[in-house]
Amino acid sequence: MVDKKTSDDLADAIAALVVEVEPDSQKTIWEELNDWGETLADWQRFIISHAVRDGELSDERVNEAYRLFLRHNELDAGDEDFPEIPTSVTGRSGATAKPDRLRLREMKALKNVNAIPETSALKFGDGLTVIYGHNGTGKSGFARMLSSACFNRSKPTILRNIYDEEAQDTPAEAQFVTENGPEKSELIFFVVGDEHPDLQRISVFDSSVARVHLSKESELGFHPAGFDVFDELMRIIRLFEDKLEVDISAKSRENKFHQLFTDQGAISDLLAKLNYESNIEDLRAQGTFGEVEQSRLDEVRRVETELIANSPIETLKALEAGRTDISNSQRKMNKLAGQVNKEAVREAFNMMNEHRIATAEAIKEGAETVSHPKLTQTGSPEWDTFVNASRKLAEVERESYPEQADPCLLCHRPLDEPSAKLINRMWGYLDAGARKRALAVDEKISSHVEKLQELELDILPAGSRVRADLGKINPELVKVFDGVSAIFSQRRNALVDALNTGQLERIPNNDIILPTAELTKAILEIEAQEQKLKDGKFKEVLAKLKAEHTLLRQRQILAQNIEDVVTFVEELRWIQKAIAAKPNTRFVTHRQRKLFKTLIEGAYKERLAEECTKLNCALPIEFQARGSEGKTLRGLKVRGGHKPEEIFSEGEQRALALADFLTEVNLNPSSAAIVLDDPVTSLDHKRKKQIALRLVDEALVRQVIVFSHDIVFVTSLTNLAKKKNNCSLDVHWIERDYEDTPGVVKLNDSPLSHKAYLSAHLAKEYLAKALKAHGRERVELVEKGADALRRTIEETIIHELFNGTVVRWEEHVRVSNLRQVYWTDEAADELRKLHGEASELIGAHSHSDEFTGGTPDPDNLRELIDSVEAVKQSIKEGKSAKK
């Protein structure tokens, strides 16, 4: 028997050899996808990430990806929250030269996993671990939890215990114990939805994964691992195209805005020609219609009516008054500009500079008069205020203050002669020339600030006659004058701020540009209109007024519909951007063709063929790369052009899927354990044995964990593992307990563990425990002992009565063992009777006392054990006598 350390060392050596044969330059499909993901947009990375993890994106995921697509192309509102994009596209670590051999040691503390109790746990050996259980015993719950935590191309749904109304509706969770290198054990707390890098090194194969590897649409019949991502990406892109067409159709509508107008005009023509290039800012400007525009419209109507009905005399008077108002307003503007423009800036600068010099001289003179080395603020404004306040207080106290021996105004101590003289010098400074000059300049600045603040800078005051009349003649000029008034106010405020703070840098230095050209143009237009009226050109003037009337009226209508017009243009822009943003599949086809040539026509093809040979499955496949709408892989065809289901049997398809799965695992040196959930469903016994042999070989390289309800397959696995040198084997049994609770794990036990039941020692162990227990616990231990004893009776029949000639779960009969078969009717009848009594004892507590004779008792179990051992002894003695 090889010890565990030697077995570990040998397995590590084999794993190292497997890594070393891989060329350093060959990347795995997962590394290639990760590298590609770094170059893609968020929406593309999001699709690939979930295609790798989920196989096919759900409708919710598709909608999330579409939102990311819209954001990338600036087709959304720009204020939505978006789903998290995985950092790694695949969630799998890349290949390393010699990664530590990761081992999964235990899975325990399952919560919200069907009805499996939290106390259940599974342990995993170094090589092959087989977990057997009938359907409905909870085996699939363990397998689904591993599928969720590890790398699986099709994540399962895990339900809580639906029969427990108090069970929390929260994600399933479990704890995993891993070992990554010598003495590197880690406890991983896993919640469904999480991703742990070590667990992602463990790959899972089940029926759902098999369907992913056997793509329904592929002419080949299966996808090499990872390449189905491209088909899913293509599918999503086509969905995006359809969604985009629906959105474009929803935003496409006929331009009917010209129907808003009865007359043709500049606005109606503008709206009739709306397109995605239309200037929205100009449209909003034309769609502005307030009191000024309404006043002008009313004036135009009045003048138009007057010209039609009367002589133009009143119109000429109005035009002359308007021309005069413009000229007067322009003169007012120029006068105000002189008070805040260059000259005002220069005056402010000179006053501030004069104040700075006078203040500096005053401070210097004060410091020279009463300076002290430890007082630095002598002569400052604060010091000046203090000294002035002290003199005013002294004048109130006594006219002759200060004299020697007078109390100090601050500390009340008697003044000596030097102190009294110092106070007189300080007060004398208040009358000094430098200080008076500084105060005079300060007063000058204050007076100038007051004048600036009193300036009335509105060229057209609100409510004035000039503003109202000018608004009727030329409302645009009202906006021009208001704009200039605003500039004057800003300039005045800047000058006041600079003068108040004494900061020269705040004085504005730019010149104010006056709208002289606009005003001159307005005056010339009025003069031209006056001349036409004087010359009798009424029709021309009337036509111009009518055109302005139409323009103003259409602007009024546009103002009422401006938001709808803007929305229409924005939708046209959106449609134009959407058309330009339609996703192109070329980036998918190009990358798929490149990876196909690198991986499929190279190492992947060779390894897949090798795995198919090991699994004894035919591979009548032609490897041809082509690129058409992202279907590079579709160039892999079954010879003859037949559909896969027409060529491959179900067993061959399952074997091909498993071969592809093992190829994926072995081409990535970072891959660790593999987990297989019922890998031989619906297969014949020959195919089962072939797969069992391949998995046992794989168990020499990495951990292999197999869940199965197929006892024939489990038997084949265990027998082959026992025959294989250095292959460690662990077999566990999952079943329901006596209260029908699923997920009860029997470690290192299974229906195949017949040697442990050849004697009654297990039943005796339960008897010893029952004798020390009380109540319900004692009853359960008695039942477990009876169950073990019943198994002992069955194994006695198989291996002692019939000498192992026919062993259950094995397909062949050991004919050579017939010579040692021992049979007596007495032994057979006794074993049958004892088997029935043991069965009754197992279920005794669930029947009525009248039927069973009472609760099962340790004495009942002891009597059964004695009877079984007596029969076994009689068979042994009979066989010895026969020899």
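Cysteine 150 is buried, because its relative accessibility is 0% and the cut-off for buried is under 20%. This is a predicted model, so please hear everything as computed. Cysteine 727 has a relative accessibility of 10%, so that residue counts as buried too. How many disulfides does the structure hold? Zero. For reference, a disulfide is a covalent bond between the sulfur atoms of two cysteines.

Now the sheet. It is open and has four strands, in the order β2-β1-β4-β5, with antiparallel pairing. Which strands are at the edges? They are β2, residues 122-123, and β5, residues 185-191, and each of them pairs on one side only. In general, strands of a sheet pair through backbone hydrogen bonds.

Between β1, residues 102-111, and β4, residues 173-180, there are seven bridges, and the two strands run antiparallel. If you want one pair to look at, leucine 102 has asparagine 180 in β4 as its bridge partner. Helix α5, residues 139-149, lies across β1, β2, β4 and β5. The helix runs at about 120° to β1.

Last, two backbone angles. Most residues other than glycine have a negative phi. Glutamate 74 has a positive phi, near 55°. It sits in the loop between α4, residues 59-72, and β1. Glutamate 74 counts as exposed because its relative accessible area is 58%, and the cut-off there is over 50%.

Histidine 412 also has a positive phi, near 70°. Its loop is the one between α13, residues 381-397, and α14, residues 417-429. With 59% relative accessibility, histidine 412 is exposed.

Conventions: Residues numbered from 1 in each chain as written. Predicted model: local features only at pLDDT ≥ 70, side-chain atom pairs only at ≥ 80, totals over all residues. Heavy atoms only, no water. Pairing = 2+ DSSP bridges. Contact = heavy atoms within 4.5 Å. Axes fitted to C-alpha atoms, helices over the stretch in contact; angles between N-to-C directions. Disulfide = S-S within 2.5 Å. Buried < 20%, exposed > 50% of the residue type's maximum accessible area, 1.4 Å probe, protein only.
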